[in-house]
Amino acid sequence: METFNAAYAAWQAGADMRARRQRFKNYTYGNQWADIVPGRQGSPPCTEGEAITNTGRKPLTNNLIHRLVKAIVGRWRSMPASASVYAGGQKFIKYNELEDIDARLLEEFLISGVAVQRIGRTSDGRVTVDNVMTSDFFVNVHSDTRGRDVELLGMLHSLPLSEVVRRFCGGNASKASVIRRIYAGLAGTDAVSLATGSSALGVSVAGGEDFFRAPDVSSGAPRCRVVEVWSRRSADVYLCHDRRDARAFAVPVSQQKKIDSENRRRRRNGEPRIEARFSVQTVWYYTFYAPTGEVLAEGVSPYPHHGHPFVFRFYPLTDGEVHPFVEGLVDQQKYINRLIVSIDHTMQTSAKGVLLFPEQQLVSGWTLADVAREWSACDGVIPVRGGEAEGMPRQVVASSGDPQAYRLLDIQMKLFDQISGVPEALLGRQTGATGAELYNAQVENATSNLTDIFRTFAAMLMARNAKAVSLESNNY
């Protein structure tokens, strides 16, 4: 349970990062009035959108962040340099599939500053690369951008019960029954601290994040929570060299009997034996837990690289903090939205052709409705009583907006482009360039502002390829 508790502590430590990531995602995909603000005059807190609506205005949005993120992802996919990342990757997965997976990962990287992939292998030997949701990933506090000082990491799985049984029963009927009992007995259990209550099979009653319960699904079989934890620890192992298959591997000392049994069988068949030597090593140890803390499977890393199956990058990871690309744009986007709402409200409430008609000028037999009809007619005639001394009818047309507000909005739009570091050339706008060479030069200069992000992302993909190729070229 010590490792399980440490995993839970690591997941809790990432709560602030997950909350900030959710906010940045809201801004990227248009939900830009979801920030919670204090209510007016003692009323409970509400979203900014609700607060704007309560004042009689409309919470309008001009989403500039999403357009910018799409432009950066599109630029990355069109760069010849990005193809070099896949030079060694085409042997283990289709290029088009891998590029699409990585494009979605880059989008996440820009939004949250976190990119995580898991490299595994199917039962038929095929190498798989999967993007891991930031909300499902956890890692201990670290400062090395390469993750070399990481001692514990893992992810949360949401699987159907049938899949949990298939993966962890190991072909043992009694263990399959134990797994079914574990998940069937989760309802009302005291083994897991669930302040809001629990439901059968570890299914969350809401769609929110929960370490112990899988998120709710609208259809299909209920999902079960499985916690995958990888920890670096010292362990007694046997360093083995299989002369028959020409491969080296390490196994826990608990498998000594299996090694001895295999050597006796090989001696009878005249085959080369497995040489084994005792050693104490720092190894990556995996454990799959049920949400009650019971172990479903455990062991030493079976991979040829002897490490965990994850590759990840936090950007920029300054003093352990993550500050993604989108973060610097949120305040500008918020202020632009407020200016647009203010201008829209001014336009709605300003006078637009209001007619001031003195009642003493209304002739007998005429009503104000008759006056309004004739006033809007192109050839209308309205008789009036008295003269100019009595006050003549006049139309009031007020300005539809404050010129200073429009000027301030224009300034904010320009500041948005300057702060983002992505000028008009990269967004495909007309820049006044008169030739292809000049335009391409402007695009290349604009891309230089994004070089740090692209290179950091590419470094992670190269590390991913190294792990994936090792799985492709080795059987284990």
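The exercises below, each with a worked solution, concern a predicted model.

**Exercise 1. Ser-112 and its surroundings**

Decide whether Ser-112 is buried or exposed, and find which residues its side chain reaches by polar contact.

*Solution.*
Step 1. Locate the residue: Ser-112 belongs to helix α6, residues 95-112.
Step 2. Compare its accessibility with the cut-off. Buried means under 20% relative accessible area. Ser-112 has 4% relative accessibility, so Ser-112 counts as buried.
Step 3. Look for polar partners. The side chain of Ser-112 makes a polar contact of 2.7 Å with the side chain of Glu-108. The Ser-112 side chain also reaches the backbone nitrogen of Val-114, at 3.2 Å.
Step 4. List the contacts further along the chain. Leaving out residues up to four places away in sequence, Ser-112 touches Arg-21, Thr-134, Val-322 and Pro-324.

**Exercise 2. The sheet that contains Val-114**

Work out the strand order of the sheet with β3, and state which residue stands opposite Val-114.

*Solution.*
Step 1. Write down the order. The open sheet has three strands, β4-β3-β11, with antiparallel pairing.
Step 2. Identify the edges. Strands β4 (127-131) and β11 (310-314) are the edge strands, since each pairs on one side only.
Step 3. Note the turn between neighbours: on average 15°, with direction ignored.
Step 4. Examine one pair. β3 covers residues 114-121 and pairs with β11 over five bridges, in the antiparallel sense. Opposite Val-114 stands Phe-314 of β11.
Step 5. Add the helix that lies across the strands. Helix α14 (residues 451-472) lies across β3, β4 and β11, and runs at about 10° to β3.

**Exercise 3. The two faces of helix α9**

Compare the span of α9 with the expected span, then find which residues are buried and which are exposed on the opposite face.

*Solution.*
Step 1. Check the span. Helix α9 (residues 256-269) has 14 residues. From first C-alpha to last, α9 reaches 20 Å, close to the 20 Å expected at 1.5 Å a residue.
Step 2. Pick out the buried residues of α9: Ile-259, Asn-263 and Arg-266.
Step 3. Ask why these residues lie on the same side of α9. They cover an arc of only 65° around the axis, and therefore share one side of the helix.
Step 4. Turn to the face away from the buried side. That face of α9 carries the exposed residues Lys-257, Lys-258 and Arg-268.
Step 5. Name what covers the buried residues of α9. The cover includes β7 (223-242), β8 (247-252) and β9 (274-289).
Step 6. Follow the chain past the helix. After α9 comes Gly-270, with a positive phi near 75°.

Note on methods. Residues numbered from 1 in each chain as written. Predicted model: local features only at pLDDT ≥ 70, side-chain atom pairs only at ≥ 80, totals over all residues. Heavy atoms only, no water. Helix = DSSP H or I, 4+ residues; strand = E, 2+ residues; numbered from the N terminus. Buried < 20%, exposed > 50% of the residue type's maximum accessible area, 1.4 Å probe, protein only. Polar contact = N/O pair within 3.5 Å; in protein donor to acceptor, adjacent residues only side chain to side chain. Contact = heavy atoms within 4.5 Å. Expected span 1.5 Å × (residues − 1). Arc of directions from axis to C-beta. Pairing = 2+ DSSP bridges. Axes fitted to C-alpha atoms, helices over the stretch in contact; angles between N-to-C directions.
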